[in-house]
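Please look over the sequence and the model below before reading on. The text then goes from the core to one helix, and from there to the ligand and the chain as a whole.

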Amino acid sequence: MDKPFVFGVTAVGDNFTDRQDEAKRLLANFLSGVNTVLISPRRWGKTSLVRKVGKMAEEQGVKVVFLDVFSHRTEAEFYNGFATAVIKQTSSKWEEWVENTKSFLSRVRPTISMGTDPNVDFSVGLELDEKRETVDEILSLPEKIALKKGVRVVVCIDEFQQVMDFEEPATFQKRLRSIWQHQSAVSYCLFGSKKHLMSLLFEKKSLPLYKFGDVLYLTKIDTDSWVNYIVARFESSGKEINESYARLICKMVDNHSSYVQQLSWLIWLRTENRVDNESFCFGLDDLLNQNSMLFQRDVEYLTGYQLNFLRAVCDGLDSEFTKKDVIAKYNFGTSPNVTRIKKALADKEIIDVSSQKVTLVDPVFGLWFRREIQHKQILPFTSSLEDENV
Ligand SMILES: Nc1ncnc2c1ncn2[C@@H]1O[C@H](COP(=O)(O)OP(=O)(O)O)[C@@H](O)[C@H]1O
Ligand SMILES: [Mg+2]
C-alpha cells in the first residue's frame with residue numbers, strides 16, 4: 001500500500017488533492033502559450049501543482065521542461081542547467097540529445113558528459129564567454145527545438161527567486177525578457193517562494209520582468225477539501241478518523257499543506273484503529289518535537305524585542321502594535337521601534353505582513369512558541385471530542 005500521507009516530496013496521484021481551479025487555469029496557460037508566474041510561501045504546493053499540470057499538458061502533446069534553480073548560485077550555472085534540462089527533456093533518445101546539443105549550441109563549444117546509463121545521466125558543460133550572442137543562443141534553445149519538432153514547449157522554472165542572488169539580477173532579467181518575448185512556440189512558468197521577492201520581480205514597473213505573464217497567487221487548500229482527503233486516506237488504509245478530528249488537524253496547522261500531511265501522518269502512526277484524544281495529542285506532540293531543533297535555532301537569533309513581538313502575535317494580536325498600552329504591555333520601547341521589529345521579523349520570513357495584518361509564516365512555529373516560550377498549554381482537551389463540533 002502507498003503511504004496514506006506524504007510530505008517533503010511532491011504530492012502526486014492519490015496524495016494530491018483539490019486545486020481544480022488552479023489546475024484548470026494553469027493548464028489553459030500551458031496549452032495556449034501564456035506565461036505564468038506562480039507565487040506562494042514555501043510548502044503550500046507549487047511544485048506539486050506545476051508537476052501535475054505539466055503531466056496533463058504532456059498528455060495533450062505539449063513538451064514540458066522542469067528546471068529547479070534553487071542551487072544555482074551564478075548566471076553561468078543557470079545557463080548550464082537550463083541547456084541540460086531543455087535538451088534532455090524535449091527528446092527521449094540520448095542520440096537526439098547529442099545531435100541537438102551539437103547543432104543548436106554551436107557557439108558555446110558544449111562538452112557532453114554521460115554516466116553509465118546515458119538515458120539518465122547526461123549533462124552539458126558550456127564554455128561560456130561574456131558575448132551576448134552566446135547567451136542568446138542558450139536562451140533560444142527551447143524555441144529552436146520546438147520549431148524543429150513542431151511542438152509547443154513550456155519551460156517551468158522552480159525557485160525562481162534565486163535569480164535575485166545573481167551578480168547582476170537586473171541585467172540577467174533583461175536578457176531573459178528580450179529573448180523570451182519573441183518566442184512563439186515556447187512559454188514559461190516561473191514559480192517561487194519568497195513572496196516579497198517574487199512580487200518585486202514581477203510587479204515593480206522598473207524591473208524587466210514586470211507584467212511578464214499571468215500572475216497566480218496560490219492560496220491554501222480549504223478545510224472541507226482537506227477533511228474529505230484526510231478521512232478518505234485513513235479509510236483506505238484501514239483506519240478511521242472522524243470529521244471533527246480531521247477539522248482539528250487543519251485548524252492546528254492553519255491548513256498549511258505540508259503540515260496537514262505531516263500531522264495526519266503522525267496521528268495515523270499513533271492510531272491503531274480509530275483516532276482518539278490520545279493518538280491526536282501524541283501526534284501533535286511528535287510534530288512539535290520533530291521541528292523543535294529548527295525553531296530553537298531560529299529563536300536564538302532573535303532579539304528580546306523581536307521575541308516580545310512574537311509573544312504579542314501568539315497572544316492573538318495582528319495589528320495596532322503601536323498603541324500605547326500594547327507598547328507598554330509588551331515592552332516594545334517606542335513606536336518607530338515597533339516598525340523596525342516588524343520589518344526585521346518579516347525579512348527573516350518569520351512573520352508575514354499583508355493588508356496591515358501580521359500573521360506567522362509557520363503555524364507550527366506558533367504552536368511551539370506558545371508551548372516553549374510562552375509556557376502556555378496549547379492542548380486544551382480534557383474530554384473526548386468525538387461529538388463536539390470543533
Ligand atoms: N495538492 C496537494 N494535495 C495534497 N498535499 C499537498 C498538495 N500540495 C502540496 N501538498 C503537501 O505539501 C507539501 C509541499 O508541497 P510542494 O508542492 O513541494 O510545495 P512548494 O513547491 O510550494 O514548496 C507536499 O509534500 C505535500 O505534503
Ligand atoms: Mg517547490
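Which residues touch the most other members of the largest nonpolar core? This is a predicted model, and in it that core holds 55 residues, of which I230, F280, F309, L310, F332, I351 and F365 touch the most other members. Helix α11, residues 257-270, supplies the largest share of the core, seven residues. Domain 2 (223-297) and domain 3 (300-372) each contribute at least three residues to this core. In soluble globular proteins, nonpolar side chains tend to be buried together.

L310 can serve as an example from this core. When neighbours within four places in sequence are set aside, L310 is in contact with L302, L345, I350, I351, L360, F365 and F369. Another core lies apart from the one just described; it has 44 residues, including W97, V153, I157 and M198.

One of the contacts of L310, L345, leads to helix α15, where L345 is buried together with N337, V338, I341 and A346. The buried residues of α15 pack against three elements: α13 (304-314), α14 (324-330) and β8 (351-354). The length of α15 can be checked against its residue count. This helix runs over residues 335-347, and because each residue should add 1.5 Å, its 13 residues should span 18 Å; the C-alpha atoms at its ends are 19 Å apart, which agrees. Just after α15 comes E349, with a positive phi of about 60°.

The ligand is the next stop. Which residues come nearest to ligand 1? There are 21 residues around ligand 1, and V6, V9, K46, S48 and Q261 come nearest. At V6, a polar backbone atom is 2.6 Å from an oxygen atom of ligand 1. The backbone of W44 also takes part, with an N or O atom 3.4 Å from an oxygen atom of the ligand. Q261 uses its side chain: one of its polar atoms there lies 2.7 Å from a nitrogen atom of ligand 1.

Finally, the chain as a whole. It has 390 residues, and 50% of them count as buried. Its secondary structure consists of 16 helices and nine strands. The C-alpha trace spans about 70 × 55 × 35 Å along its principal axes. Of the contacts between residues at least 6 apart in sequence, 72% join residues at least 24 apart.

Definitions and conventions:
Residues numbered from 1 in each chain as written. Chains lettered and ligands numbered in written order. Predicted model: local features only at pLDDT ≥ 70, side-chain atom pairs only at ≥ 80, totals over all residues. Heavy atoms only, no water. Core = buried A, V, L, I, M, F, W, Y, C linked by side-chain atoms within 4.5 Å. Buried < 20%, exposed > 50% of the residue type's maximum accessible area, 1.4 Å probe, protein only. Helix = DSSP H or I, 4+ residues; strand = E, 2+ residues; numbered from the N terminus. Domains from an automatic or database assignment. Contact = heavy atoms within 4.5 Å. Expected span 1.5 Å × (residues − 1). Near = heavy atom within 4 Å. Polar contact = N/O pair within 3.5 Å; in protein donor to acceptor, adjacent residues only side chain to side chain.
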